[in-house]
Amino acid sequence: MFVERIDSIPSPGLEVNGEKFKQLPASQFLKRLLVRARSMRDENRFGLGLYRSQNTIFIRIPKNATNSICSFLYPGAPESAWPGHASADFCKTVAPDLFETALVFATVRNPKDRFISAFNYYKHSSPVPEERRLMDEELSFVETFDDFLSYLAQQPVLQQAKIMTWHHFRGQVDFISDRSGAVLVDLLFPVEDPEPGMSVVRKHVRLSGGLPRRNSSRGERPESWPQFLAEHYQADQKLWDLVSGERVLFPTGKAQDLGLRA
């Protein structure tokens, strides 16, 4: 079944927390060494060295103009060296010293537009072999976004939930908050109106210029939105309403509960 195989695709940076570190069967000294070794490995794997070079952590939420912003932030770095789609909680876990001092920011997008863009990515442009294989083998009959909505609506609740754990379908709130729902980032701004937020970023990283357009995607929103999707993205909708209304949102501190999961 399609939904049984989705979990085999990793969602790096979303499931990481400090619990496993606390359970290491070694002395405190060895624990610290092992934790640091793990952190250095993860820093290299996710390109966090670029974050250190600018004292800036860009939380790359999939389908939120992250390629455009990375092109602006790292003009001399190859795309393969860009940081991955790691959550704020992950960055805080593997690089706590950097997280404490860096500007941590993320972009927010209308959840409906983002979901449509994520479907188009999986269906037409994913560079990940496992993702392409799943779409080709399990959802070859799905041609349009409306077909996909119809397919999802026919699935049992547990299967719908499994599908929505796929990385690009995960909620935006998952990337910027901890398990309690407290927002961990310093700056949020909407994809639809990025310039006020980017002016803050430009001053921090001491770069100038506009955002290049990279992998832009559009899709027509359906007239009706399934109830289970509205519930799944309820926190994201609250987040987008809040951020798009403010244009630039500065949560006070790195652990503020904005009531997104209430």
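**Close-up 1. R206 sits in the loop between helix 13 (195-205) and helix 14 (227-232).** Helices here are DSSP runs of H or I with at least four residues, strands are runs of E with at least two, and both are numbered from the N terminus. This is a predicted model, where local features need pLDDT of at least 70, side-chain atom pairs count only at pLDDT 80 or more, and totals for chains, interfaces and linings use all residues. Residues are numbered from 1 along each chain as its sequence is written, and side-chain values use heavy atoms, with hydrogens and water left out. R206 is not a glycine, yet its phi is positive, at about 60°. Most residues other than glycine have a negative phi. With 77% relative accessibility, R206 counts as exposed (exposed means over 50% relative accessible area, buried under 20%, and partly exposed in between, using a 1.4 Å probe and protein chains only).

**Close-up 2. N55 is another non-glycine residue with a positive phi, this one near 50°.** Look for N55 in the loop that links helix 4 (48-54) to strand 1 (56-59). N55 is partly exposed, at a relative accessible area of 27%.

**Close-up 3. Strand 1 runs parallel to strand 2 (residues 103-108), and four bridges join the two.** Two strands count as paired if DSSP finds at least two bridges between them. One bridge to pick out is that of F58, whose partner in strand 2 is F105. In general, strands of a sheet pair through backbone hydrogen bonds.

**Close-up 4. Zoom out a little and three strands make an open, parallel sheet in the order 1-2-3.** Strand 1 and strand 3 (187-190) are the edge strands; each has a single partner strand, so one side of each has no neighbour in the sheet. From one strand to the next, the twist averages 20° (angles run from 0 to 180 degrees between N-to-C directions, and axes are lines fitted to C-alpha atoms, for helices over the stretch in contact).

**Close-up 5. Helix 13 lies across strand 1, strand 2 and strand 3.** Helix 13 runs at about 135° to strand 3. Helix 15 (residues 234-246) also packs on the sheet, where it touches strand 2 and strand 3; contact means heavy atoms within 4.5 Å. The direction of helix 15 makes about 90° with that of strand 3.

**Close-up 6. C70 is buried, at 0% relative accessibility.** C91 is buried too, with a relative accessible area of 0%. How many disulfides does a search of the whole structure find? Zero, taking a disulfide as a pair of cysteine sulfur atoms within 2.5 Å.
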